[in-house]
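Me: Hi! Could you walk me through this model?

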Amino acid sequence: MQCVKVLGGVLGAAALLGLGIILGHYAIPKGTDLPAPSASASQDLDLEILEAVMGQLDASRIRENLRELSKEPHLATSPRDEALVQLLLQRWQDPESGLDSAGTSEYEVLLSFPSQEQPNCVDVVGPAGDILFSSQRSEENLTGEQGDPNVVPPYAAYAPPGTPQGLLVYANRGSEEDFMELHHQGIKLQDSIVLTRYGGVGRRAKAVNAAKYGVAGVLVYTDPADINDGKSLPNETFPHSWGLPPSGVERGSYFEYFGDPLTPYLPANPSSFRLDSDSAPGFPPIPTQPIGFKDAEVLLCNLQGTSAPAAWQGALSYRYVLYGNHRDSWVHGAVDPSSGTAVLLELSRVLGTLLKKGTWRPRRSIVFASWGAEEFGLIGSTEFTESKTSARIYPTYHTAFDTFDYVDKFVDPGFSSHQAVAQTAGSVLLRLSDSLFLPLNVSDYSETLRSFLQAAQQDLGGLLEQHNISLGPLVTAVEKFEEAATVLGQHISALQKGTPDPLQVRMLNDQLMLLERAFLNSRAFPEERYYSHVLWAPRTGSAATFPGLSNACSKAMNTGPGSAAWAEVKRQLSILVVALEGAAATLRPVADL
């Protein structure tokens, strides 16, 4: 295949910058001696309060929240992002509708920004070194907002800098299978530049897969077949519809993990140990740059060789209820993330007003949070927890066209959907914070465990038997959990019919909260950073069962008896049995312990 020579520009510079997180909450004031509830005291959620909250959540206020939040670009650590910190603090400290307290926390984290002196570009260079084509350095200024000087140019956050040169090869979605197919076709990948489309595998994975074949650089674009139902003409896309315009480029983090790249499992405080940025894991191995499908079309149309296959042708013991959203955006961020923050502000206003009037206070604390630097890899929310414990979503995702007017005109005219989200979130918050008994149904876990067990027996039972591995202990552990869950459910029903004393209520709620922790094992997935839940973790095996067991069996399938892979299968089974037995013990009546 003959390919066009492509030059990739400088792809980003990293900087250690401060990250602000805002937390606001209202709850029972610390140090306050409250009287013990009497038999006549309210024993559960006040439905009148719930109804009042639902009725006061105002779509027009959410709309105005969003207008203010998204009127300027607010990339993490930018002046506008800092201004939004003050806006949220002002709202949450309001004497009439604010919270009990609100404050900020700062962390020093590694963020990645493009070089202003050497902006990223993609050039097609002729044999004599003359530039035949250059990609757009920014998106078209269709509504005036895309021309804001604070709009960050499209780039791949955390991708290494470089100026790779090579012949261009189209590599579909950049999956391992895609590169394998190219290799089998005899297409030279060494020192090439590959053009891939979003989807199929994660952003970083495209670069990782490419690097295995000696690829020098990666280009990524959003194909209109995946995002626009195939529509690609200017008069078919924004501002004429909600479709992504031809110049739209999806920005994003190409870092593999969550949180600050240099302080895994630690809060990014000034005194924390930090990894060397040159050797820290999780960064893309080769330069990468996103482009718009208008530029991708030019590159694709100039490729030579056989036609691509049809399938390649171009979607937390502090007792509180936490409700939060990230604040930073790649550009104006009307949908992502400001629509969620607009709802958050309206919900906190309504509940805060009730609080300030003295008509309501939750049984459990509610914490509202606004996290920064989510777009760089869930950094704000991850740092917070480290200090305690077909189509894509919408076409203009992470582009300069994600504006207030885009939401107001195409996504949610009248903001009825935003209001419905606020009502749903408000209902969940009030039920979790005010219900006498936490509204958690342990029988749901029983159903999940039974389905996982059946899948293991059906899909893996025969294979395990061949290697003298029995599922018997796992069967027994699931049965123990189901029995304990049934007994606890009956106990809850009996208490709900009577007038339980506060100690009974506290003990039961503690059991419900501690249940989830029984499923955590920090050694369950040593290759998957931050994943420790034995039921909910990434699953690479084909069997729809317990992820650790499924993954281990998948790796051990083609190895001999007594291998380390089969030892890992046995280890995963032991982890499951211990977790389920611990979970069952958590549900047993305290008196039995």
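Here is a short chat about helix packing, a recorded domain and some backbone details.

Me: What kind of model is this?

Reply: This is a predicted model, where local features need pLDDT of at least 70, side-chain atom pairs count only at pLDDT 80 or more, and totals for chains, interfaces and linings use all residues. Residues are numbered from 1 along each chain as its sequence is written, and side-chain values use heavy atoms, with hydrogens and water left out.

Me: Thanks! How do the axes of H14 and H16 cross?

Reply: Helix H14 (residues 502-518) and helix H16 (residues 564-587) have axes that come within 9 Å and cross at roughly 175 degrees. Helices here are DSSP runs (H or I, at least four residues), and strands are runs of E, at least two, numbered from the N terminus. Axes are lines fitted to C-alpha atoms, for helices over the stretch in contact, with angles from 0 to 180 degrees between N-to-C directions. H14 and H16 are therefore roughly antiparallel (over 145 degrees).

Me: Which residues make that contact?

Reply: On H14 they are Gln511, Leu514, Leu515 and Ala518, and on H16 Ala579, Gly582, Ala583, Thr586 and Leu587. Contact means heavy atoms within 4.5 Å.

Me: Does UniProt have anything there? What does it list for residues 469-588?

Reply: An unreviewed UniProt entry lists "domain: Transferrin receptor-like dimerisation" for residues 469-588; such annotations may be inferred rather than shown by experiment. Over residues 469-588 the chain is 64% helix and 0% strand, with the end C-alpha atoms 29 Å apart.

Me: Switching topic: are H3 and H8 roughly parallel or roughly antiparallel?

Reply: The axes of helix H3 (residues 79-92) and helix H8 (residues 334-357) come within 10 Å and cross at roughly 20 degrees, so H3 and H8 are roughly parallel (under 35 degrees). Leu87, Leu88, Arg91 and Trp92 in H3 meet Thr341, Leu344, Leu345 and Ser348 in H8.

Me: Where is serine 338, and is serine 338 buried or exposed?

Reply: Serine 338 lies in helix H8 and counts as buried (under 20% relative accessible area, 1.4 Å probe, protein chains only), at 1% relative accessibility. Leaving aside neighbours within four places in sequence, serine 338 contacts residues including Leu66, His74 and His332.

Me: Nice. Is the peptide bond from aspartate 336 to proline 337 cis or trans?

Reply: That bond from aspartate 336 to proline 337 is cis, with omega near 10 degrees, and proline 337 is in helix H8. Phenylalanine 238 and proline 239 are also joined by a cis peptide bond, with omega about 15 degrees.

Me: Last one: what is phi of tyrosine 158?

Reply: Phi of tyrosine 158 is near 75 degrees, a positive value in a residue other than glycine. Most residues other than glycine have a negative phi.

Terms used: Parallel < 35°, antiparallel > 145°, perpendicular 65-115°, else oblique. Buried < 20%, exposed > 50% of the residue type's maximum accessible area, 1.4 Å probe, protein only.
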